[in-house]
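Biologist: I would like a close look at one part of this protein. Please take a single helix first, then show me what surrounds it and how the rest fits in.

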Amino acid sequence: MGINRIAILGDGGWGTTLSILLSKKGLGVSLWSVCREYADFLDKKRLNVKFLPGIPIPKNINISSDLYRVLSGAEVVVLAIPSPYLRSVLKKLEPQSLDAKVIVSAIKGIENNSLMRMSEVIRDVLGNLRVSVLSGPTIAREVALGIPSTAVIASSEPKTSRLLQAVFMTNRFRIYTNDDVIGVELGGSIKNIIAIACGICDGLKFGANTKAALLTRGLAEMNRLGAAMGAKAHTFYGLSGLGDLVTTCSSVYSRNRGLGEKIGAGKKIKEIIAKMEMVAEGVPTTKSVYELSKKYKVDMPITKEVYRVLYKNKSPLAAVDDLMARRRREE
């Protein structure tokens, strides 16, 4: 099966980056924006000033706010919509509109209330579609600039994995395959919580020792919850686990780390979010993962303290003190 036409739903930094990457491979790409006015702006100016400033959008990318126009003729549909809005967008579609199309979730998050992973949300709304997942240590700007990067395509079907590997792979964007959809989705989601924690410590002017501890123990939390939910342990030591964790906790372009840094410096979560154009996925994901840790009876102390800082107005310094004062234990 040769792929010629791609539809990408979501005009954020990642959706725009994937549009640019795939169009440069010679594929026909259509990009959907939820806002008609902004779709018209993008189509005319060819610059995503809100979400990916400074990176030109090729003229051969079709940009529209008409969902069915974007989906028409597409063989692969990439969903790059912020997780809190995915369900509401999917409800605008007729289930049969995605029949026979290859569906890719490029979303990192866990839905509040339902506690579903994004592939589960897609199937919950649209029926038993086959959904693959694209995830990994991918700062959108770096991928758009052609900086060597890697990612993972996760699918339960090897044939689909290989197909999508060929679709997304370039000489600067290397794609690996994985059959652990649960682990890849969890890794891409939980790392945003640890990134907020690392950002808080940056805001508190702590050092490399603290960040190393958070990365290591955060990975342990990721692994524990993954095991309880049926993921494979080795997935969390790969690109969508450790790789994504390191990138998101250290990059100056990480929204979640940056949000945490502002919290550590004394700013309030509501005022931070009010000034952000893009969604910091780690905020709603923290609430979901905290609930999952209780559901599966998994010890996740870093997640618990980040939850208390974000949702219970706990002092960041008090959260750090409580983590350090936990009972003695083996590693």
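Modeller: What follows starts with one helix and then moves outward to other parts of the chain. Keep in mind that this is a predicted model.

Let us take helix H13, which covers residues 282-295. How far should its 14 residues span, at 1.5 Å a residue? The expected span is 20 Å. In the model, the end C-alpha atoms of H13 are 19 Å apart, which agrees with that expectation.

Now ask where H13 sits: is it enclosed or open? Count its buried residues. Buried means under 20% relative accessible area. Of the 14 residues in H13, 10 are buried, so the helix is largely enclosed by the rest of the structure. Go along the helix and pick them out. The buried set begins with Gly282, Val283, Pro284, Thr285 and Thr286. Ser288, Val289 and Tyr290 belong to the set too. Leu292 and Ser293 complete it.

What covers these buried residues? The cover includes helix H8 (181-203) and helix H9 (208-229). It also includes helix H11 (255-264), helix H12 (269-274) and H14. Just after H13, look at the backbone of Lys297. Its phi is positive, at about 55 degrees.

Two of the covering helices deserve a look of their own. Start with H8. It has 23 residues. From its first C-alpha to its last, H8 reaches 34 Å, close to the 33 Å expected at 1.5 Å a residue. H8 is itself mostly covered, with 21 of its 23 residues buried. Just after H8 comes Lys205, which takes a positive phi of about 65 degrees.

Next is H14, which runs over residues 301-311 and holds Glu305. Is Glu305 buried or exposed? It is buried, with a relative accessible area of 8%. Set aside residues up to four places away in sequence, and Glu305 touches Lys314, Ala319, Asp322 and Leu323.

From Glu305, jump to Thr16. The two are 289 residues apart in sequence, and their C-alpha atoms are 34 Å apart in space. Thr16 is found in helix H1. Thr16 is buried, with a relative accessible area of 1%. Leave out its neighbours within four places in sequence, and Thr16 is in contact with Gly10, Asp11, Leu31, Asn48, Leu52 and Ile57.

Now for the aromatic rings. Two rings can pair if their centres lie within 6.5 Å. By this rule there are 5 aromatic pairs. One of them joins Trp14 and Phe173, with ring centres 6.3 Å apart and planes at 75 degrees, so the pair is edge-to-face. Trp14 lies in helix H1 (residues 13-23) and Phe173 in strand E10 (residues 173-178), so the pair ties together parts that are 159 residues apart in sequence. Trp14 counts as buried, at 16% relative accessibility. Phe173 is buried as well, with a relative accessible area of 1%.

Another pair is made by Tyr38 and Phe41. Their ring centres are 5.6 Å apart and their planes are at 10 degrees, so this pair is stacked. Both residues lie in helix H2 (residues 36-45), 3 residues apart, about one turn of the helix. Tyr38 is buried, with a relative accessible area of 9%. Phe41 counts as partly exposed, at 29% relative accessibility. Ring pairs also bring in Phe51, linking Tyr38, Phe41 and Phe51 into a cluster. Tyr38 has a further partner: Lys50 lies over the face of its ring, at 4.7 Å from the ring centre.

Finally, step back to the whole protein. It has 15 helices and 10 strands. Its radius of gyration is 19 Å, close to the 20 Å that the globule rule gives for 331 residues, so the protein is as compact as a globular protein of that length. Along the principal axes, its C-alpha atoms fill a box of roughly 60 × 40 × 35 Å. Buried residues make up 56% of the 331 residues. Now take contacts between residues at least 6 apart in sequence: 71% of them join residues at least 24 apart. As for the outside, the accessible surface comes to about 15000 Å², and 52% of it belongs to carbon and sulfur atoms.

Technical notes
Residues numbered from 1 in each chain as written. Predicted model: local features only at pLDDT ≥ 70, side-chain atom pairs only at ≥ 80, totals over all residues. Heavy atoms only, no water. Phe/Tyr/Trp six-rings, centres within 6.5 Å; stacked < 30°, edge-to-face > 60°. Helix = DSSP H or I, 4+ residues; strand = E, 2+ residues; numbered from the N terminus. Buried < 20%, exposed > 50% of the residue type's maximum accessible area, 1.4 Å probe, protein only. Lys NZ or Arg CZ within 6 Å of the ring centre and 35° of its normal. Contact = heavy atoms within 4.5 Å. Rg over C-alpha atoms; globule rule 2.2 N^0.38 Å. Areas by Shrake-Rupley, 256 points an atom, 1.4 Å probe, with all protein chains shown as cover. Expected span 1.5 Å × (residues − 1).
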